[in-house]
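Trainee: I would like to learn how to read a structure feature by feature. Could you take me through one slowly, giving the general idea before each case?

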Amino acid sequence: MNINLADLFLFSVRIFIKKKGNILLPFFLMLCFQISVNAQSNISGKPGLIYVPSATETKEGTFSFGVNYNPIDYGFRFNKKNSENIYFINLTLIPRLEINVNLLRINNEKIKGQKGIGDRQIDIKYLILKEKKYQPSLALIISAPFGIDNSLTTNALIATKSFKLGTTFSADFTAGIGSPYYIQRDDNEKSNYNIFQDLKFRKKKELAYAYLSGTIGGLNLHYGQKGGLLFEWDSKHFNVGAYGKLFKKWTVQAGILNFDQVTFGTSYALNLKTLPKRLKKANENQ
Amino acid sequence: MKISNLLSGIVLMFLTFPAFAQTEDMESIRKSLWLNYENTTLDPANGKIYYEQRLDRNPLYGLLEMRKSLADTNIHEYLPIFQGIIMANYKLGPQITATVPTPEERKVQRLKFLAHPDRYKFDFWIQPLFSAIFGYRQQTLQSNTSVLLQTQFYLWQGMVLNAGILFPITNDMDNNPKIIRPAPVFLNQFFAFGKNFISASAGTFYNDQYGVNVQYRHTDMTNPWSYGLEAGLTGRYYYAKDGVYSSSLNQVFLQADVAYRLNRPDVTLKLSGGQYLWKDRGARVDLIRQFTNVEIGVYAMKTTNGATAGFNFAIPIPPGKLLQGRNARLRTTDQFRWEYSYTRGFKIGERYRTGYQLDQKLRQYHTTYLNSQRGD
């Protein structure tokens with residue numbers, strides 16, 4: 001617990017007296033007493049920077065969900081025509097293995113029905129090497145190849161190394177390579193009955209936006225688990241951003257892409273392995 | 001007294017609550033925990049407690065809270081019951097261990113069940129239902145959503161009548177009218193002998209099928225291996241404005257499966273195959289991860305109708321218990337299941353659902369699962 005309890009208590013009482021009968025207070029307090037989980041996410045909801053994912057190890061059972069806004073000129077689906085919202089869930093299913101499900105929905109569709117429910121994408125991340133004293137963590141991310149028409153695919157090999165700067169600051173360096181190719185299923189929704197058939201390699205530059213195609217890297221300079229600054233090269237542009245964590249579980253973040261347009265988002269993270277509080281005491285051996 | 005002072009006092013109490021709990025409130029906590037259980041039988045002579053717990057889908061909650069609610073510390077063996085049938089005999093040491101219930105234990109439980117037909121509460125719960133087809137451009141989300149108010153009647157040991165009322169919310173998936181109608185009504189007989197478990201159902205099921213379904217599984221709560229068989233004969237039914245329509249019993253559903261529970265990583269691998277609905281035949285691989293409250297799986301399957309993959313999950317709907325007294329209870333469901341498939345509309349490996357799937361129910365009681373949650 002790295003929050004000063006007395007301050008927290010005074011702060012909550014103060015809110016209380018100002019707003020009589022604040023029904024949210026018990027929840028607010030509950031949130032404060034939960035364990036911290038790292039949940040700074042990139043545009044598709046994977047632990048990372050702004051566009052660039054990182055190879056940081058996540059604890060088994062870590063579950064996060066949220067939404068990110070991607071601006072119009074950097075749109076993945078209809079570049080320079082529509083901005084997008086990307087909804088995501090991310091789960092560390094077993095140690096080293098993360099599953100990410102994201103849904104990309106365009107904003108302000110010009111033709112009715114153009115958007116559909118959105119592009120659904122399942123991505124898998126495998127942590128090949130865990131971080132050690134002199135060894136960075138290394139992870140492979142692959143987008144499930146059976147999408148028919150996906151614009152936000154991540155096929156990348158990345159490494160991350162964390163350095164402590166004094167007692168409270170840390171610098172996490174990430175570097176990697178995004179594949180200039182992706183796999184697409186040559187099919188349409190009418191005859192879409194075998195998801196392992198007609199898989200073909202395509203060049204990313206044929207897409208509206210070649211996301212993570214080439215060398216990528218960045219730096220997350222953070223203050224404990226409370227917040228940090230983000231700098232990255234996403235293979236096309238240089239982006240900067242910042243994030244902050246509220247009540248240890250709720251992350252709010254924003255960034256500027258190419259010193260041009262703004263992206264922002266939010267996510268909430270918890271651990272599915274945690275026993276409810278009422279049982280933690282009951283679990284103690286008699 | 002000003003409201004703000006009162007509320008600050010409550011906050012203070014909230015913060016110091018653990019201190020209170022240690023002293024005079026312990027007895028009332030015990031009493032309120034005890035209300036969560038049904039059909040409890042204390043056997044102090046043999047140090048055993050038999051109980052049923054329908055509130056939580058995770059049996060660890062029932063085990064740990066039972067230990068807490070017992071004032072008698074001479075009780076060392078815990079025998080959780082499901083539909084009046086003992087699942088296993090557990091001992092709560094540093095590691096939870098399990099043994100197969102002895103015939104004597106089963107006999108004790110059988111006598112108790114018959115002697116006290118009113119040992120169960122009237123249990124009502126709220127269950128959402130949601131199915132959807134994604135991605136047709138004309139109508140992007142076709143969904144069928146409803147809320148069910150459900151209950152169970154215990155008829156005899158192992159035998160339960162499931163019933164309820166279905167309140168429709170949306171339906172643009174089929175032409176069935178949106179009328180308030182009975183929820184699936186079916187009988188379920190649960191039965192156990194040695195390491196063998198059977199769940200047999202008859203009535204109207206979920207996903208518009210009615211008929212009979214029998215599931216068999218061989219497992220104990222310590223062995224990583226288990227296998228099962230499932231057979232069903234069903235037909236389609238639906239409620240129209242002027243009555244119930246049904247087809248003949250024309251669907252044969254036959255499945256066999258084998259599952260292995262790995263310790264590290266903590267996952268269950270399951271290989272199953274056979275005939276699905278619509279005479280589709282094929283095989284399926286599941287990778288299942290059981291977290292504390294949530295079960296999450298990913299799967300891939302290949303059948304004559306095609307190949308697909310996806311994920312599924314089972315979660316309890318919060319907050320759980322809403323109202324509870326000695327004889328009745330209203331709660332939200334302990335289990336909402338949902339599955340997403342990458343394809344749609346090609347009838348690949350489809351199935352219907354009865355109340356619970358036997359393998360899902362039994363793997364919750366596995367000692368490896370129970371112990372894995374007590375790790376840190």
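Mentor: Let us begin with a term for the backbone: helices (H or I, at least four residues) and strands (E, at least two) are DSSP runs, numbered from the N terminus. You should also know that this is a predicted model, in which local features need pLDDT of at least 70 and side-chain atom pairs count only at pLDDT 80 or more, while totals for chains, interfaces and linings use all residues. Residues are numbered from 1 along each chain as its sequence is written, chains are lettered from A and ligands numbered from 1 in the order in which they are written, and side-chain values use heavy atoms, with hydrogens and water left out.

Trainee: Which strand of chain B gives the most to the nonpolar patch?

Mentor: Patches are made of residues with over 30% relative accessible area and no salt bridge, where like charges are joined within 9 Å and nonpolar side chains (Val, Leu, Ile, Met, Phe, Trp, Tyr) within 5 Å. The areas come from the Shrake-Rupley method with a 1.4 Å probe, and for residues only the protein chains shown count as cover. Here S8(B) gives the most, with 4 residues, and strands S7 (122–134), S8 (141–156) and S9 (159–171) of chain B each supply at least two. The patch covers about 910 Å², and its members include Phe122(B), Leu149(B), Trp156(B) and Ile180(B).

Trainee: Is Leu149(B) buried or partly exposed?

Mentor: Buried means under 20% relative accessible area, exposed over 50%, and partly exposed in between (1.4 Å probe, protein chains only). Leu149(B), which lies in strand S8 of chain B, counts as partly exposed because its relative accessibility is 32%. Gln255(B), in strand S16 (residues 251–261) of chain B, counts as buried because its value is 11%.

Trainee: What does Gln255(B) touch?

Mentor: Contact means heavy atoms within 4.5 Å. Not counting residues up to four places away in sequence, Gln255(B) touches several residues, among them Gly228(B), Glu230(B), Ser272(B) and Tyr276(B). A polar contact is a narrower idea, being a pair of N or O atoms within 3.5 Å; within protein, one must be able to donate a hydrogen and the other to accept it, and residues adjacent in sequence count only if both atoms are side-chain atoms. A polar atom of the Gln255(B) side chain lies 3.3 Å from the backbone oxygen of Gln275(B).

Trainee: How many salt bridges are there over all chains?

Mentor: A salt bridge is a side-chain nitrogen of Lys or Arg within 4 Å of a carboxyl oxygen of Asp or Glu, and by this rule the count comes to 26 over all chains. In one of them, Arg261(B) meets Asp266(B) at 2.5 Å, N to O; Arg261(B) is buried, with a relative accessible area of 6%, and Asp266(B) is buried at 9%. Another joins Asp359(B) to Arg363(B), with the closest N and O atoms 3.1 Å apart. Because these two residues are 4 apart in helix H5 (residues 358–363) of chain B, they are separated by about one helical turn. Salt bridges that share partners also join Glu38(B), Arg54(B), Asp123(B), Arg329(B), Arg331(B) and Asp334(B) into one network.

Trainee: Which residues have the most contacts inside the largest nonpolar core?

Mentor: A nonpolar core is a set of buried Ala, Val, Leu, Ile, Met, Phe, Trp, Tyr and Cys residues joined through side-chain atoms within 4.5 Å. The largest has 31 residues, and those with the most contacts inside it are Leu63(B), Tyr78(B), Tyr90(B), Phe190(B) and Met221(B). Its largest share, 5 residues, comes from H3(B). A second, separate core of 24 residues includes Leu49(A), Phe76(A), Ile141(A) and Leu257(A).

Trainee: How many residues of H3(B) are buried?

Mentor: This helix is mostly covered, for 10 of the 11 residues of H3(B) are buried, including Leu60(B), Leu63(B) and Met66(B). At its N-terminal end, Asn58(B) caps H3(B), with a side-chain oxygen 3.0 Å from the backbone nitrogen of Leu60(B).

Trainee: And how many helices and strands does chain A have?

Mentor: Chain A has 3 helices and 14 strands, and 50% of its 286 residues count as buried.
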